[in-house]
Amino acid sequence: MMHLDNKYLQLLAKEYPNIDSVASEMVNLSAIRSLPKGTEYFFSDLHGEYEAFLHMLKSASGIIKKKIDQVLGKTVSSEEREKLANLIYYPDKEVKRLADDNRITDEWKRLTIYRLILVCEAVSAKYTRSRVRKCVSADLVYILDELLNVTDDVNKDFYYDEIINAIIDTEIAEKFVISLCRLIQSLAIDKLHIIGDIFDRGPRADIIMDELMLMHDVDIQWGNHDISWIGAASGNYALIANVIRISMRYNNFDVLEDGYGLNLRALAVFAGEAYKEDECRLYYPNTLDDNIYDPVDIKLVAKMHKAITVIQLKLEGQLMEKYPEWEMQSRCLFGRVDFENGTLQLDGREYVLTDHYFPTVDKNNPLALSEGERELMTILANSFSHSEKLHEHIRFLLAKGSMYRVCNGNLLFHGCIPMDAKGELQSVAIGGAYYSGKTLLDKLDEIVNRAYFFRENPAEKEYASDFLWYLWCGPKSPLFGKDKMCFFESYYLENKSLRKERYNSYYTFSESVEVCDRILGMFGIDEDNGHIINGHVPVKIKNGESPVKAGGKLFVIDGGISKAYQKATGIAGYTLIYDSHSLSLAEHKPFISGKSEHTPKIRLVEKLESRANILDTDVGKDILEKIEDLRQLLHAYRAGTMKERR
């Protein structure tokens with residue numbers, strides 16, 4: 001152990017070569033621990049709604065507007081404050097618009113820079129000067145540092161005027177305004193948590209992923225839709241079909257073709273030929289969004305939608321038969337259809353299918369792909385395999401993501417901890433062993449990474465890849481959280497009562513304080529101060545449901561950012577905001593592109609007993625460990641067991 005300690009100290013000494021450098025860093029780190037904790041933002045179920053989500057990021061879910069009102073509310077009109085907020089959110093666009101309208105005068109520059117400096121001071125107050133400098137371009141860092149750290153109150157206005165006049169005279173004012181706006185955006189969000197389901201339904205999940213990759217501190221708790229895309233990128237045919245089918249259903253060609261460069265021509269050709277005699281009216285997409293870059297004829301989309309739906313049902317049926325331990329054979333409804341009569345026997349009753357035309361189905365072996373379907377899936381799998389952008393995003397999703405995360409005393413996961421009707425943990429069979437609770441989530445984390453990265457054993461990789469499909473829709477999947485996915489019923493059976501999906505018992509029991517405490521304890525979290533933060537289940541606020549449950553122990557923050565849910569929820573998503581004083585919920589309005597006012601309603605849900613500092617956070621604990629390491633190095637220098645370098 002002494003040998004290992006010495007090697008570590010030698011490595012540390014390369015960064016801090018003498019007593020002065022060690023002492024200086026210890027003082028710096030101690031000062032950082034005494035600062036207020038940064039603001040954490042929690043989002044869930046983004047579902048490709050990139051415009052709404054990007055606005056939430058740029059506006060810090062209304063907190064930037066709140067800061068503007070606090071700083072300028074007594075001296076600047078409401079209209080002018082709204083204009084300033086819009087400038088901060090979209091600086092490049094707004095500066096160009098104002099320039100085109102010849103509205104950028106010297107007076108506008110002077111007044112705008114002054115106001116932005118005041119807002120920036122308020123937003124940056126909890127950060128060290130070095131942290132602020134890192135967010136500023138090198139050519140402007142000195143000017144901003146001077147403006148943000150004026151200590152002479154007597155001459156402050158004169159000092160501001162001189163610097164701002166110099167900025168205007170040197171013709172860098174517009175560039176400076178844009179930099180200030182970006183700095184305010186960057187400082188408003190210290191840590192970003194995404195509680196799952198970035199993908200599907202909305203138009204451009206790829207744009208959301210691009211934005212997340214620019215964030216300085218972000219983590220992701222996978223949702224079942226994210227897992228579906230990871231599985232597709234890992235080569236699982238059923239999940240490749242699923243990803244494409246959902247995109248067909250919501251008319252989202254842009255994310256596939258423009259976002260990820262996936263070639264759907266083979267699907268279009270196959271569908272046009274196989275279903276040329278079929279109008280495919282049942283498969284017309286939900287057009288919540290129009291395709292901008294790749295508009296497709298709606299009748300062809302319907303044929304493509306049907307083709308990939310039939311393929312997916314076959315592939316899923318094959319998986320159900322392949323893994324009897326998943327106990328899903330009863331869900332293989334496509335394999336039980338009487339294709340001669342177009343009927344299905346289900347629970348002792350006969351149902352007539354809404355669609356009778358299945359030219360690619362072998363009635364004697366309905367789950368077998370036709371030769372054309374096999375060739376098509378090979379082409380589609382190759383396209384997924386060769387998409388560099390897709391794999392860049394999936395690797396980021398795996399690097400920053402996990403089944404759950406414990407952060408600053410809170411437990412974050414997307415769906416549920418599977419429970420049975422008695423409130424006991426459900427066990428899931430994986431590779432001949434059984435897992436439940438925290439050990440289940442830990443094992444699944446391993447499987448997800450193995451499905452994508454593992455190369456040594458093809459059989460193990462295939463099993464892991466297939467298991468991702470179970471995570472997508474399996475009855476004990478903590479990401480799906482329902483007894484069944486009524487995929488077949490929603491397409492082919494008119495009786496809506498057959499489409500009922502029952503939520504896992506977790507969603508009932510987790511509203512109990514005692515159950516939440518038990519779950520928090522399972523993950524080593526302080527039961528008195530910890531919270532569980534989930535997404536996945538849309539909270540229907542218009543029906544009187546609340547995102548705050550179990551006496552404030554549990555937050556369910558899926559409020560319907562996705563347009564597909566907004567009629568049911570009554571709002572357009574939540575942001576949970578955890579700053580140094582409190583926990584608050586922002587309730588968002590539906591985002592309408594071009595509309596300037598989108599400020600959410602922010603309500604306090606929990607006030608902290610005392611202000612939280614960095615020393616109270618996970619980062620504070622890490623800093624304390626580093627201080628102790630530096631203390632050992634300092635002792636080594638002073639004892640002469642480690643030589644200083646000057």
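Hi everyone, this is a short walk through two sheets, two loop residues with positive phi, and one glutamate.

A word on the source before we start: this is a predicted model, where local features need pLDDT of at least 70, side-chain atom pairs count only at pLDDT 80 or more, and totals for chains, interfaces and linings use all residues. Residues are numbered from 1 along each chain as its sequence is written, and side-chain values use heavy atoms, with hydrogens and water left out.

Let's begin with the seven-stranded sheet. It is open, with mixed pairing, and its strands run in the order 6-3-2-1-14-15-16. Strands here are DSSP runs of E with at least two residues, helices are runs of H or I with at least four, and both are numbered from the N terminus. Two strands pair if DSSP finds at least two bridges between them. At the edges stand strand 6 (401-402) and strand 16 (601-607), each with a single partner strand, so one side of each has no neighbour in the sheet. Further in, strand 2 (191-194) and strand 3 (218-221) are parallel partners over three bridges, and Ile 194 sits opposite Ile 220 of strand 3.

Now to the loop that links strand 1 (40-43) and helix 3 (50-59), where we find Asp 45 and also His 47. Neither is a glycine, yet phi is positive in Asp 45, near 55 degrees, and in His 47, near 45 degrees. Are they buried or exposed? Asp 45 counts as buried because its relative accessibility is 1%, and His 47 is buried at 1% as well. The cut-offs are under 20% relative accessible area for buried, over 50% for exposed, and partly exposed in between, using a 1.4 Å probe and protein chains only.

On to the second sheet, please. This open sheet has five strands in the order 7-8-11-13-12, again with mixed pairing. Its edge strands, strand 7 (404-407) and strand 12 (548-549), each pair on one side only. Strand 8 (410-413) pairs with strand 11 in the parallel sense over three bridges, with Leu 411 opposite Ile 532 in strand 11. Helix 24 packs on this sheet, touching strand 8, strand 11 and strand 13 (554-556), and its direction makes about 90 degrees with that of strand 11. Contact means heavy atoms within 4.5 Å; axes are lines fitted to C-alpha atoms, for helices over the stretch in contact, and angles run from 0 to 180 degrees between N-to-C directions.

Last stop: Glu 527, in the loop between helix 24 (513-522) and strand 11 (531-534). Glu 527 counts as partly exposed because its relative accessibility is 36%. Leaving aside residues up to four places away in sequence, Glu 527 touches Asp 517, Leu 520, Gly 521 and Lys 553.
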